[in-house]
Amino acid sequence: FGFHDLAVESALKREPHPKIESYGDYLYLVFHGINFHAPEHTFETHDTDFFLGASYLVTVHDGRRRSIAHVTELCERTGHILAEGPVALLHRIVDTMVDHYRPEADELEDRLEEIEKSVIEENHDGLMGDILAVKRDISMLRRIVVPQRDAVGRLARREFDIVNQEMAYRFRDAYDQFARMAEDAIVFQD
């Protein structure tokens, strides 16, 4: 493909932050999937690197991405998905990633409701530790969601010629979902 050495180097290592870089006739992008492990109070992110050109989409990952597996299955069942082009395929993967964020955020919200219930019932055993752990989880959620939102926002605003108006509309929907989760994280923190 003739990808720039710096982009290839970045793709071969873990990138801690989502990003989009233009390399002339293609984009190098990094997005993160998420797994939240409530008992351990840990968010695990998985970066997926993308090289997006006018006629191709190359992904770099470890083969265990739920979003990639889901979209691959859709492509195998429905031929029209690939016919929509590489930008639409990228959108489907990013949209699926967003869909996987929602249950993780909902689980965090459920934990907050449990703590609130304990406070109301005056069951304070270990409550301070739980509050601090959830506060850490919420901070981690914000650190993950906000950069994702900003990167998807660049696609939604059509900063890159490769993204046409129709695809920009689709990316706006993903942007809105990330924005809602970022707002939820702020509300949760309060």
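pLDDT is the predictor's confidence in each residue, on a scale from 0 to 100.

**Figure 1. Overview of the predicted model and its confidence.** The protein averages a pLDDT of 85, and 87% of the residues score at least 70. Confidence is highest in strand 4 (residues 56-60), with a mean of 96, and lowest in helix 4, with a mean of 81. Where pLDDT is low, the predicted coordinates should not be read in detail. The fold contains 6 helices and 4 strands, and the order of these elements from the N terminus is α-β-β-β-β-α-α-α-α-α. Of the 190 residues in the protein, 47% are buried. The count of salt bridges comes to 10; several of them appear in the views that follow.

**Figure 2. Salt bridge between Arg-14 and Asp-47.** The closest N and O atoms of Arg-14 and Asp-47 are 3.4 Å apart. This pair links distant parts of the chain, with the two positions 33 residues apart in numbering: Arg-14 sits in the loop between helix 1 (5-11) and strand 1 (19-22), and Asp-47 belongs to strand 3. The two partners fall into separate accessibility classes. Arg-14 has a relative accessible area of 46% and is therefore partly exposed. Asp-47 counts as buried because its relative accessibility is 11%, and the cut-off for buried is under 20%.

**Figure 3. Surroundings of Thr-45 in strand 3.** Strand 3 spans residues 42-53 and includes Thr-45. Thr-45 is buried because its relative accessible area, 17%, falls under the 20% cut-off. Between the C-alpha atoms of Thr-45 and Phe-31 the separation is 9.5 Å, the two residues being 14 residues apart along the chain.

**Figure 4. Network of salt bridges joining Glu-84, Arg-92, Glu-166 and Arg-170.** Two of the bridges in this view involve Arg-170. In the bridge from Arg-170 to Glu-84, the closest N and O atoms are 3.8 Å apart. That pair connects distant parts of the chain, 86 residues apart: Arg-170 is in helix 6 (residues 165-189), whereas Glu-84 is in the loop between helix 3 (80-83) and helix 4. The side chain of Arg-170 also meets that of Glu-166 in a salt bridge, at 3.5 Å from N to O. Here both partners lie in helix 6, 4 residues apart, or about one turn of the helix. Relative accessible area is 24% for Arg-170, which is partly exposed, and 33% for Glu-84, also partly exposed. Glu-166 counts as partly exposed as well, at 43% relative accessibility. Arg-92 is the remaining member named in the network.

**Figure 5. Patch of negative charge on the surface.** The patch gathers Asp-110, Glu-113, Glu-114 and Asp-130. Helix 4 (residues 86-120) supplies the largest share of the patch, 3 residues. Asp-110 is one of the patch members and lies in helix 4. With a relative accessible area of 42%, Asp-110 is partly exposed; this value meets the accessibility requirement for a patch because the cut-off is over 30%. Helix 4 is also the element where confidence is lowest, at a mean of 81.

Note on methods:
Residues are numbered from 1 along each chain as its sequence is written. This is a predicted model: local features need pLDDT of at least 70, side-chain atom pairs count only at pLDDT 80 or more; totals for chains, interfaces and linings use all residues. Side-chain values use heavy atoms; hydrogens and water are left out. Patches are made of residues with over 30% relative accessible area and no salt bridge: like charges are joined within 9 Å, nonpolar side chains (Val, Leu, Ile, Met, Phe, Trp, Tyr) within 5 Å. Accessible areas come from the Shrake-Rupley method with a 1.4 Å probe; for residues, only the protein chains shown count as cover. A salt bridge is a side-chain nitrogen of Lys or Arg within 4 Å of a carboxyl oxygen of Asp or Glu. Lys and Arg count as positive and Asp and Glu as negative; His and the chain ends are not counted. The place of a charge is taken as NZ of Lys, CZ of Arg, CG of Asp or CD of Glu. Buried means under 20% relative accessible area, exposed over 50%, partly exposed in between (1.4 Å probe, protein chains only).
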